[in-house]
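User: Please take a close look at the nonpolar core of this protein and explain how it is built. I would also like to see it set against the chain as a whole.

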Amino acid sequence: MASDATLHELSGKCLCGVVTITARFAGKRIEACHCTQCRAWGGGAYLATPMTDDFTIDGAEYVARFPSSAWAERGFCKRCGSNLFYHYLPAQKRSFLAGLFPGLDDGELHEEIFVDQKPDYYCFAGERDRLTRAEVIEKFGIELPD
């Protein structure tokens, strides 16, 4: 596995192929969010790339956005419904669904957040940082409603 300092350019598509995302990331890290919104959005943990502002989206006319909170929106393909990204508005950065990028098949699950909202019916093996809602708020200096 490449070191985190190595910049990787990855390209992926939605299910129908009309939206192509090309993004650059340090390392091949994957993060998991277990919050209730992410689970409702995708049916399970949100498995995603780290946040980045170094990306391009081809086929942007097929991307719909849903304002899921005062600080974030979620993007999906209008044609096939594929979930594409989480856009954190204050930082103008996005994380993308890891499954969009075949180049992340050898990635490593690096961090899990909102573990106190994770249901009992699944669990990821391995050791990594696992943060509760309170720890996420503290780490990123954000304010979330209750």
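Analyst: The accessible surface of the protein comes to about 7900 Å², and 52% of it belongs to carbon and sulfur atoms; such areas come from the Shrake-Rupley method with a 1.4 Å probe, and for residues only the protein chains shown count as cover. This is a predicted model, in which local features need pLDDT of at least 70, side-chain atom pairs count only at pLDDT 80 or more, and totals for chains, interfaces and linings use all residues. Residues are numbered from 1 along each chain as its sequence is written, and side-chain values use heavy atoms, with hydrogens and water left out.

Of the 146 residues, 47% are buried, that is, under 20% relative accessible area with a 1.4 Å probe, protein chains only. In soluble globular proteins, nonpolar side chains tend to be buried together.

The largest nonpolar core (buried Ala, Val, Leu, Ile, Met, Phe, Trp, Tyr and Cys residues joined through side-chain atoms within 4.5 Å) has 35 residues. Those with the most contacts inside this core are Val-19, Ile-21, Cys-33, Tyr-46, Leu-84, Phe-96 and Phe-101. At least two core residues come from each of several elements, including strand 2 (20-26), helix 1 (36-42) and strand 8 (83-88). Strand 8 gives the most, with four residues. Here helices (H or I, at least four residues) and strands (E, at least two) are DSSP runs, numbered from the N terminus.

Leaving aside neighbours within four places in sequence, Ile-21 is in contact (heavy atoms within 4.5 Å) with several residues, among them Leu-10, Ile-57, Leu-84, Phe-96 and Phe-101. Across the protein, 52% of contacts between residues at least 6 apart in sequence join residues at least 24 apart.

Methods:
Buried < 20%, exposed > 50% of the residue type's maximum accessible area, 1.4 Å probe, protein only.
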